[in-house]
Structures are given as C-alpha cells and as structure tokens.
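Thanks for sharing this one with me. Here are my notes, written as numbered points so that you can follow along with the structure open beside you.

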Amino acid sequence: MANKTALVISAHSADFVWRCGGAIALHGKRGYDVTVVCLSYGERGESAKLWKASDATLEGVKAARRTEAENAARALGVADIQFFDCGDYPLELDREAKFRLVDVIRKVQPAFMLSHSLDDPYNTDHPYATKVALETRMVAQAWGHEPGQTVLGAPQLYLFEPHQTEQCGWKPDTILDITEVWEAKKAAIECMEGQQHLWHYYTNVAENRANQFRRNSGGQAGGREAKYAEAFQSIFPRTVDEL
C-alpha cells in the first residue's frame, strides 16, 4: 500500500524550513511522503548575506540557495524537492509553469497541502504563491484539464505562519506539536546559512506556539506538554462525523 502524501508550495527555497519544517519531519516520521516545490530560490530578495561576498553572482547565489534547501530537505526527511526557478521579487508564474505545478499536484495526490498566508505586505511573493496554490489546486480538480489523468480530490490547504502575523490577517486554527522532531527542524534551520538572523527568531516562534498548544489542549486542567509547535490556518471546511 502506497504511503500517504503531502505537498508544500514554498515561494522561496527557505520558506518551507522556517514555517513548516516540523510538520514535514513529523509527517515523514508518520509514513507520509512529503514533496516540496520551491517556486524560486529567493535569490534576489532573501539572500542578503550571500550578496555581501565580493565575488557574488546571480547563478552563484542560486546554487548556494539550492544546496542549502537540499541539505535542509534531507534533514527533514523530504521525499522529493523540486525547484521551479521562476524568479523572485517579484515571483511570477506563466501558464506553462502553473500547468507544471498542476502536474505535480496530480502526481502527488496530497492528503493535504501547505503554503503561505493570504496576505503579506512585507513580501508579496508569499501571498502570490498561495494564490497560485489555490489556482492550481482548482485546475487539478477539473475533469476537463488533461482528460485521462487522475483528478485531484479535495485536500485541505493549510497556511503556515508568516513572519509578522498581525500584519498579514493570519489567524491560526490548528496547532501541531513538533517536539519529537524538533532536532530535525533545528538541523534544517541551521542549513540556511544565508539567513542566520532568522535562526533564533523561529526557535522562539516554536516555543511560543508550544505554550499555546499546552493552553489549548487543556491548560491548567491538564494540557499536554509540548516544547515546540507550529501553527496553521485552514482554508476549507473540515468534514467530520463528530466534534
């Protein structure tokens, strides 16, 4: 029997590490094959440290970012990582690139998908990636697109945490305990040498979300212990038989 699957659509090649590395590692440990698609390397807008080298070039920065992301993916147990190299600042996908992503979605047949918040005034590449995720999810469900292929069902799209939640209209409704895979996420974070200024920040985010996990799992009445967690906002209603 084939493993369950999940798909992460990341605007830049480091986003999946900070924002959902724990979810990737945890589900991999649970037997999921997780595919990560990096729509760009983040070579222009998210590689400041790399550009400070006197001999920096665009292709050299891209190569460094790819190596970092591949190392991080190995640390997290990613089944497959793909780089679309669509360019960043601004990120733009033409029709061909969108259909390429539709092909990935149909091939993976994810049980759930992960991408960015619906708004981010600090980085418009992020909500653009989510717009593309929603658009390609829709196309992947269409029976008239490439008839004969297996159409997509209705995977939940979870929006992972933006850098400044208050400015992005992001309201989490799901908190995931990632304590048991924290060391894997920490190792992945430390692969992203071009953005060392974020290492402590996202460690702190995980600790804060763990506090909220404890509170929402029972609080002082017996909440479950958690040291590190990630939070997500779901887009679609969840179908249940009981609450």
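1. Let's begin with helix α4, residues 95-108, in this predicted model. Helix α4 lies across four strands, namely β1, β2 (33-38), β3 and β4. Relative to β1, helix α4 runs at about 160°. Another helix to look for is α7 (residues 199-216), which lies across β6 and β7 (229-234). Its angle to β7 is about 75°.

2. Now for the sheet itself. Seven strands make up an open sheet with mixed pairing, and their order is β3-β2-β1-β4-β5-β7-β6. Which strands sit at the edges? They are β3 (80-83) and β6 (174-177), each of which pairs on one side only. On average, neighbouring strands of this sheet are turned by 25° against each other, with direction ignored.

3. Strand β4 is a good one to study closely. Strand β4 (residues 112-115) pairs with β1 (residues 5-10) in the parallel sense, over three bridges. Across this pairing, Ala6 stands opposite Phe112, and Leu7 stands opposite Met113. Strand β4 also runs parallel to β5 (residues 156-160), and four bridges join the two. Here you can find Ser115 of β4 opposite Leu159 in β5.

4. Which way do the side chains of β4 point? A helpful rule is that side chains in a regular strand alternate between the two faces of the sheet. In β4, Phe112 and Leu114 point one way, while Met113 and Ser115 point the other way. Phe112, Leu114, Met113 and Ser115 are all buried.

5. Next, please look at Thr130, which you will find in helix α5 (residues 125-140). Is Thr130 buried or exposed? The relative accessible area of Thr130 is 0%, so this residue is buried. If we leave aside neighbours within four places in sequence, Thr130 is in contact with Ser115, His116, Ser117, Leu118, Leu157 and Leu159. Two of these names should be familiar: Ser115 and Leu159 are the pair that stand opposite each other in β4 and β5.

6. Helix α1 deserves a point on how it packs. Two packed helices are described by the angle between their axes and the distance between the axes. For α1 (residues 15-29) and α3 (residues 58-76), the axes come within 9 Å and cross at roughly 25°. Therefore α1 is roughly parallel to α3. The crossing of α1 past α3 is right-handed. Phe16, Val17, Gly21, Ile24 and Ala25 in α1 meet Ala69, Ala72, Ala73 and Leu76 in α3. By class, this contact has eight nonpolar residues, one polar residue and no charged residues.

7. Helix α1 also meets α6 (residues 182-189): their axes come within 9 Å and cross at roughly 145°. This crossing, too, is right-handed. On the α1 side the contact has Val17, Trp18, Gly21, Gly22 and Ala25, and on the α6 side Ala184, Lys185, Ala188 and Ile189. These residues divide into six nonpolar, two polar and one charged. Val17, Gly21 and Ala25 appear in the contact with α6 and also in the contact with α3.

8. Finally, where is Ala53? Ala53 has its place in the loop between α2 (48-51) and α3. Ala53 counts as partly exposed because its relative accessibility is 36%. Along the chain, Ala53 and Ile81 are 28 residues apart, and their C-alpha atoms are separated by 27 Å.

How values were computed:
Residues numbered from 1 in each chain as written. Predicted model: local features only at pLDDT ≥ 70, side-chain atom pairs only at ≥ 80, totals over all residues. Heavy atoms only, no water. Axes fitted to C-alpha atoms, helices over the stretch in contact; angles between N-to-C directions. Parallel < 35°, antiparallel > 145°, perpendicular 65-115°, else oblique. Left-handed = near helix turned anticlockwise from the far one by under 90°. Contact = heavy atoms within 4.5 Å. Nonpolar A, V, L, I, M, F, W, Y, C, P; charged D, E, K, R; others polar. Buried < 20%, exposed > 50% of the residue type's maximum accessible area, 1.4 Å probe, protein only. Pairing = 2+ DSSP bridges.
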